[in-house]
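Hi,

Here is the structure I promised to pass on. Have a look at it, then read my notes below.

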Amino acid sequence: MKTLFELNPALDLPAYAARFAATGRVQLRDVLTPESASELQMVLARGTDWGIAIGAGTEKPTSIRGAHSRTPEGQQTLRHAMQNAEQHSARGEYGFRFAHYPILESIREGWDPGGAHEILLEHLNTPDFLDLVRKVTGVEQLVKADGQATLFAPGHYLGRHTDSHVAEGWEVAYVLNLARDDWHPDWGGYLLFLNDEGDVIEGFRPRFNALNLFRVPQSHLVSYVPPFAPIGRMAVTGWLRSR
């Protein structure tokens, strides 16, 4: 039986903790064993019915399930939402567009009981994973993780924002990268961190089997994926919470 999620026992957690303490962000390479990372990548690539998430300013984001996005009604909703998001982004306001599979919502609504995505979220809430994050970040009050699968395909992006949802217990954001091994800088999809003047102060390339952790709130974005980029910038993302 294949393993979906198994942590690499050889991780140098003290070194990663020192990096996080200095900057509030870090990327852990080879965080899972190669076998489990490959299996999880396969689940995302071949076993995920991708929907679309679109956001525009402070309006409630639009989330369309995969099956609905392929209907005429869903296509019309998508066109309207994408146009609205682009208008906001053109004005320098918050906007985003990317493919996703909302794992928490899928569990609550019973989309695929006992499926791989549900099992994945259970792994992200095990003591082993939560303890790893506590050791690296020094945030001892973490009690649970949420999550969604994300796919940034050509034309997708996530505008600058801070994740300032303190009331919801957001403490640390995570991105478990499962991009293709040969992801090229010209293909975009970078996680970029910005200072108050809008300058990029650090960036993480999408990598296979790499875990990004960063303290929130913190100004960041995912750079635009151009039309010539291949499909393959996949990840599991979410927040680790204190409540």
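Which exposed residues does the face of helix 1 turned away from its buried side carry? They are P14 and A22, where exposed means over 50% relative accessible area, buried under 20% and partly exposed in between, with a 1.4 Å probe and protein chains only.

Before going on: this is a predicted model, where local features need pLDDT of at least 70, side-chain atom pairs count only at pLDDT 80 or more, and totals for chains, interfaces and linings use all residues. Numbering starts from 1 along each chain as its sequence is written, and side-chain values use heavy atoms, leaving out hydrogens and water.

Back to helix 1, residues 13-23 (helices are DSSP runs of H or I, at least four residues, strands are E runs of at least two, both numbered from the N terminus). L13, Y16, A17 and F20 are buried there. Seen down the axis, the buried residues fall within an arc of 100 degrees (taken from the directions from the helix axis to the C-beta atoms), so they line one face of helix 1. Just after helix 1, G24 has a positive phi of about 80 degrees.

Now the charges over rings (NZ of Lys or CZ of Arg within 6 Å of the ring centre and within 35 degrees of the ring normal). R25 has its charged end over the ring of F193, 5.1 Å from the centre. Likewise, the charged end of R233 sits over the ring of F152, 4.8 Å from its centre.

Cheers
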